[in-house]
Amino acid sequence: MRSGHNVTFGPDAWAWTLDQVIVVLGGQITINSGKTYTIRNGTGTDLSVFGNIVIQNGTLTTSTSSTTIFNSGSILDAGTSQITGSGDFTLSSGATLKTA
């Protein structure tokens with residue numbers, strides 16, 4: 001995901017499953033209310049975030065053995081949303097977690 005781009009999983013989106021995604025500084029993924037974004041296990045890091053992930057009352061799920069890393073400078077704006085699953089989830093030093 002490039003800087004200045006925002007992908008929104010909105011009202012017409014179903015549940016999404018993604019793998020090997022990089023969100024660069026200035027890029028953003030938004031998960032709208034009632035939507036689920038699942039990080040699938042594949043080779044290497046499955047979601048690497050340098051930009052922003054905004055979960056607006058949706059769900060971020062990590063699949064078994066998946067790897068999600070929020071790198072320094074990234075923002076996870078979870079509000080009152082759910083983060084579930086059994087995959088590896090790392091909020092690195094310098095990353096920001098926002099909750100309601």
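Here is a friendly exchange about the strands, sheets and core of this predicted model.

Me: Before we start, what should I keep in mind about numbering and about what counts?
Reply: Residues are numbered from 1 along each chain as its sequence is written, and side-chain values use heavy atoms, with hydrogens and water left out. As the model is predicted, local features need pLDDT of at least 70 and side-chain atom pairs count only at pLDDT 80 or more, while totals for chains, interfaces and linings use all residues.

Me: How do you know how many helices and strands the chain has?
Reply: Helices (H or I, at least four residues) and strands (E, at least two) are DSSP runs, numbered from the N terminus. By that rule the chain comes to zero helices and 13 strands.

Me: What makes strand 5 and strand 8 a pair?
Reply: Two strands pair if DSSP finds at least two bridges between them. Strand 5 (residues 36-39) and strand 8 (residues 59-62) are joined by four bridges and run parallel, so they meet the definition. Within this pair, T36 stands opposite T59.

Me: What makes strand 2 and strand 5 a pair?
Reply: Three bridges link strand 2 and strand 5 in the parallel sense, so the requirement of at least two is met. Here L18 faces I39 of strand 5.

Me: Which sheet do these strands belong to, and why are strand 2 and strand 11 called edges?
Reply: The open sheet has four strands in the order 2-5-8-11, with parallel pairing. Strand 2 (16-18) and strand 11 (82-85) each have a single partner strand, so one side of each is left without a neighbour in the sheet. Neighbouring strands here are turned by 20° against each other on average, direction ignored; the axes are lines fitted to C-alpha atoms, and angles run from 0 to 180 degrees between N-to-C directions.

Me: What makes strand 3 and strand 12 edges as well?
Reply: They sit in an open sheet of four strands, ordered 3-6-9-12 and paired in parallel. Strand 3 (21-23) and strand 12 (88-91) each have a single partner strand, so each has one side without a neighbour in the sheet. The average turn between neighbouring strands of this sheet is 5°, direction ignored. Strand 9 (residues 67-70) is joined to strand 12 by four bridges, and T67 has D88 as its bridge partner.

Me: Why is T59 called buried?
Reply: Buried means under 20% relative accessible area, exposed over 50%, and partly exposed in between (1.4 Å probe, protein chains only). T59 has a relative accessible area of 16%, so it counts as buried. Among the residues that T59 touches are I31, K35 and Q82, where contact means heavy atoms within 4.5 Å. For the whole chain of 100 residues, 38% count as buried.

Me: What makes a group of residues a nonpolar core here?
Reply: The term covers a set of buried Ala, Val, Leu, Ile, Met, Phe, Trp, Tyr and Cys residues joined through side-chain atoms within 4.5 Å. The largest such core has 15 residues, and those with the most contacts inside it are V23, I29, Y37, L47 and I53. Elements giving two or more residues to this core include strand 3, strand 5 and strand 10 (75-79). L47 touches V21, V23, Y37, I39, T67, T68 and I69, not counting residues up to four places away in sequence.
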